[in-house]
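Dear colleague,

I am passing on the structure we discussed, and below it you will find my notes on its aromatic and nonpolar side chains. Please read them alongside the coordinates when you have a moment.

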Amino acid sequence: LAYESITVASGFENILTNNSKMRNTGVEAAVNYRAINKANWTWDVGFTIAKNDNKILSIPGVKRITEYAGASILTQKSSQANLFYGYVANGVFSSQLEANNANLKKKNADGTYSYFGAGDVRFFDSNGDHIIDENDRTIIGIPTPDFFGSITNRLQYKRFQLDALFTFTKGNQVFNYLRYKLESASGVENQLNSVVNRWRSEGQVTEMPKATYGDPMGNNRFSTRWIEDGSYFRLRSATVTYNIPFKDRFIKNASIYLSGNNIFTLTKYRGFDPEFSAGTSLFAQGIDTGLDPLYRTFTLGARIGL
């Protein structure tokens, strides 16, 4: 489904049509193996890996850009869906001489130009016209992972049993909206401690631009500054169980267990959780707007069978 512009004589700006096409292809493989098989000792391992690719086959017009929570999302023919579309940031100008040599500028609303100076972000000028504008935007991230999967384990030793589930993804990017707001250094809001490392003096080398009220040079525009690797490896759940022997006509079986969820996560993502999505919308995938993260829980319990 896509919104398509229609004549203003109709009284509407657009209409929802069903004249777009997208193709999804994928593969999933699963292997289950009993690594140890003895009378008092067994170990079962399961491994699942999957990959999904999609491609836009047709849409009204050449391409569409959707704005969502500060992110620009590109939809265009012959490309994947949901591509993060923005600017490439190449550090911060450490000195005014360095900024002068780059000779980059932005066009203001009144038609005049403002030049990037020391402490401003050095954006990549893709078309070489020395003007940083929408023509310099490119694909800066894909929220869809290259592959994802899980690993299951079940170990049994006499009356003890351990069940563990690991999950992982590789190759997906996340838009860290929280950093986008809390590292902007352009308003009166509280900021992250990382803003302490912002540019302050001539010659200072840092990845954090200077603090400027209102962000007149657009240092905080949607760019690679806010795109992070969302790959992770997580112990999603684990349970240790002890089956208590019973010889009672009323109690058939009993066990005690200790289980945990979201026990640990290995990731380079700097936010709370790399699995964030701002909502159920297709365009919300891979956008971390600061919703409640997965919480770690531990449960101690008992089961009695009568």
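L162 is found in strand β14, in what is, please bear in mind, a predicted model. With a relative accessibility of 32%, L162 counts as partly exposed, because the partly exposed class runs between 20% and 50%. The residue belongs to a nonpolar patch on the surface, which is formed by Y157, F160, L162, V240, L258, F298 and L300 and which has about 720 Å² of accessible area together. Two elements, β14 and β20 (297-305), each give two or more residues to this nonpolar patch.

Turning to the aromatic side chains, the structure holds 13 aromatic pairs. One of them is formed by F47 and F168, whose rings are stacked, at 6.1 Å centre to centre and with 15 degrees between the planes. This pair links distant parts of the chain, since F47 lies in strand β4 (residues 41-58) and F168 in strand β14 (residues 160-170), 121 residues apart. Are the two partners buried or exposed, or something in between? F47 has a relative accessibility of 35% and therefore counts as partly exposed, whereas F168, at 10%, counts as buried.

A second pair, Y180 with W226, is edge-to-face, because the ring centres are 5.8 Å apart and the planes stand at 80 degrees, where an angle over 60 degrees is what that class requires. Here too the pair links distant parts of the chain, with Y180 in helix α2 (residues 177-182) and W226 in the loop between α2 and β16 (227-229), 46 residues apart. Y180 counts as buried at 18% relative accessibility, and W226 counts as buried at 0%; both assignments follow because buried means under 20%. Y180 and W226 are also members of one aromatic cluster, which they form together with F84, F175, Y177 and F222.

Finally, there are two places where an arginine lies over an aromatic ring, and you may wish to view them in turn. The charged end of R221 sits over the ring of Y87, at 4.8 Å from the ring centre. In the other case R234 lies over the face of Y232, and the distance to the centre of that ring is 5.2 Å.

With best regards

How values were computed
Residues are numbered from 1 along each chain as its sequence is written. This is a predicted model: local features need pLDDT of at least 70, side-chain atom pairs count only at pLDDT 80 or more; totals for chains, interfaces and linings use all residues. Side-chain values use heavy atoms; hydrogens and water are left out. Rings of Phe, Tyr and Trp (its six-membered ring) pair if their centres lie within 6.5 Å; planes under 30 degrees apart count as stacked, over 60 as edge-to-face and the rest as tilted. Helices (H or I, at least four residues) and strands (E, at least two) are DSSP runs, numbered from the N terminus. Buried means under 20% relative accessible area, exposed over 50%, partly exposed in between (1.4 Å probe, protein chains only). A charge sits over a ring if NZ of Lys or CZ of Arg is within 6 Å of the ring centre and within 35 degrees of the ring normal. Patches are made of residues with over 30% relative accessible area and no salt bridge: like charges are joined within 9 Å, nonpolar side chains (Val, Leu, Ile, Met, Phe, Trp, Tyr) within 5 Å. Accessible areas come from the Shrake-Rupley method with a 1.4 Å probe; for residues, only the protein chains shown count as cover. A salt bridge is a side-chain nitrogen of Lys or Arg within 4 Å of a carboxyl oxygen of Asp or Glu.
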